[in-house]
Each structure stands twice: as C-alpha cells, then as structure tokens.
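Me: I would like to go through a protein model with you, a few short questions at a time. Could we begin with a single residue and work outwards?

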Amino acid sequence: MEIDVKEIIKKGPIYSGKAKSIYEIDEDRVLIEFRDDITAGDGKKRDVKKGKGHLNALISSRLFEVLEENGIPTHYLGYIEPVYMVAKRVDIIPIEVIVRNIAAGSLCKRYPFKEGEILKRPIVQFDYKSDEYGDPMLNEDIAIALGLATEEELKKMRELALRVNDVLRRFFDERGIVLVDFKIEIGRTKDGELV
C-alpha cells in the first residue's frame, strides 16, 4: 500500500477526536492516526502515554482482520507502521453500539445487576454519540425520530454487533481473555453498506 503519510498529514486532519485523527487520502479512503492521548470521563481527564497509539493501531488492525476473516464487513484496508490505519471513507452513524456479556460498570450502577454477573444473553445498547448531551441511551423510536438511522439500519446494526460479539468472544476465549463488553461505531459506505 503506497501512501505518502507525511504529505497526507501536511494537509491537516479532516477530523480529530479524543485519541485519533482522520486525514483524507482521496474521495474513497482515509488515514487514521492513533495518537498517544489518554482520555477518561468523556474527555474531561487527559494525559499522554508514549506508545499507546502504536499499540492501539496494532490491536485495532488485528481485530479488524479477524472480523474480516470471519465475514464481517469493516472499513479496514490496511496498517502502516507505527500508528496508522488506512480505511474506507464512511459516514459515521452517531450511535455507539455497546454489547455487554457480563454486568459491570454503568450497567450495575443503573440497574439491579450484580457486578460480574454473567448475562443470560448479550445486551445490545444504543447510545446517542454526543458529548453535548452526555451520550444518552437511545431506543429505536428516538433514533428514528432524530433521523440517525432507519428501522432497517438499526436492525442491521444490532445484527452486526452480535456477530462481532460472537467472533471476538471466540477469538479472546482462545487466548484466555474474557470479553466483558465493548463499543463499536458503524458507518455507511458511499454505496450505503453498513460497516
């Protein structure tokens, strides 16, 4: 994959989040830079940990490869040492999709679950991705009313999240790691595919 990272970065990012910056390669691809920034509390606490960006880029790239190998569509196109990933350009749906296998954290604070309780079946939770509103939990009616996604897209997002959970649980189980929960974001490719 021949990409002049220095030239792309000179143009400046088209988006910069809490720990990643996105740069335009062309109309179909972007370069994602994993920075060494550490955030907590919706970005209210910040620090820098040398090497974090490199590890996050490596781990993310490997997990995207595992998902692709198992037939789950992603935006991933490749990894460039040390902190870059090339991806398809997508329009991010502003919904965080959280899958929970074991009760922990905010789930136990908000509901009568016991910390560490193995859930009878995974919980799929949609949150509105908005720092301004504190990432509130969504139901399908609110997501549709806000124009974030269609009913069919929400169904597909749930299905994708559960497929990702199946693949990642198996992958981590084989390595002796328990997958408690995770969060993904889903985007639309220019032809409308959800990845």
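Me: Is Glu153 buried or exposed?

Reply: This is a predicted model. In it, Glu153 counts as buried because its relative accessibility is 15%, and buried means under 20%.

Me: Which side chain does Glu153 meet in a salt bridge?

Reply: The partner of Glu153 is Arg188, at 2.7 Å from N to O. Arg188 lies in strand S11 and Glu153 in helix H5, so the pair ties together parts that are 35 residues apart in sequence.

Me: And how does Arg188 count at 23% relative accessibility?

Reply: Arg188 counts as partly exposed at that value, because the range in between runs from the 20% limit for buried to the 50% limit for exposed.

Me: Which residues are joined into one network by salt bridges that share partners?

Reply: Glu96, Lys129, Lys183 and Glu185 are joined in that way.

Me: How many salt bridges are there in the whole structure?

Reply: The search finds 15. One of them is formed by Glu27 and Lys190, whose closest N and O atoms are 3.8 Å apart. That pair links distant parts of the chain: Glu27 is in the loop between S2 and S3, while Lys190 is in the segment after S11, 163 residues away. Both Glu27 and Lys190 are exposed.

Me: What about Arg35 and Asp37: buried or exposed?

Reply: Arg35 and Asp37 are both buried. Their side chains meet in a salt bridge, with 2.7 Å from N to O.

Me: Back to H5, please. How many residues has it?

Reply: Helix H5 has 23 residues, from 151 to 173. From its first C-alpha to its last, H5 reaches 33 Å, close to the 33 Å expected at 1.5 Å a residue.

Me: Which residues of H5 are buried, and what covers them?

Reply: Among the buried residues are Glu153, Leu154, Met157, Leu160, Phe171 and Phe172. Their cover includes helices H2 and H4 together with strands S8, S9 and S11.

Me: Then what is H2 like, and what covers its buried residues?

Reply: Helix H2 has 18 residues and reaches 26 Å between its first and last C-alpha, close to the 26 Å expected at 1.5 Å a residue. The cover over its buried residues includes S3, S6, S7 and H5. Gly71, just after H2, takes a positive phi of about 80°.

Me: Which residues of H2 are buried?

Reply: They are Gly53, Ala57, Ser60, Ser61, Val66 and Leu67. Ser61 has a relative accessible area of 3%. Leaving aside neighbours within four places in sequence, Ser61 is in contact with Tyr76, Tyr79 and Met85.

Me: Which strands does H2 lie across?

Reply: H2 lies across S3, S6 and S7, and runs at about 145° to S6.

Me: What is the order of the strands in the open sheet?

Reply: The five strands follow the order S1-S2-S3-S7-S6, with antiparallel pairing. Strands S1 and S6 stand at the edges, each with a single partner strand, so one side of each is left without a neighbour in the sheet.

Me: Over how many bridges do S1 and S2 pair?

Reply: S1 and S2 pair over two bridges, in the antiparallel sense. Tyr15 has Ile22 as its bridge partner in S2.

Conventions. Residues are numbered from 1 along each chain as its sequence is written. This is a predicted model: local features need pLDDT of at least 70, side-chain atom pairs count only at pLDDT 80 or more; totals for chains, interfaces and linings use all residues. Side-chain values use heavy atoms; hydrogens and water are left out. Helices (H or I, at least four residues) and strands (E, at least two) are DSSP runs, numbered from the N terminus. The expected span of a helix is 1.5 Å times one less than its number of residues. Buried means under 20% relative accessible area, exposed over 50%, partly exposed in between (1.4 Å probe, protein chains only). Contact means heavy atoms within 4.5 Å. Two strands pair if DSSP finds at least two bridges between them. Axes are lines fitted to C-alpha atoms, for helices over the stretch in contact, and angles run from 0 to 180 degrees between N-to-C directions. A salt bridge is a side-chain nitrogen of Lys or Arg within 4 Å of a carboxyl oxygen of Asp or Glu.
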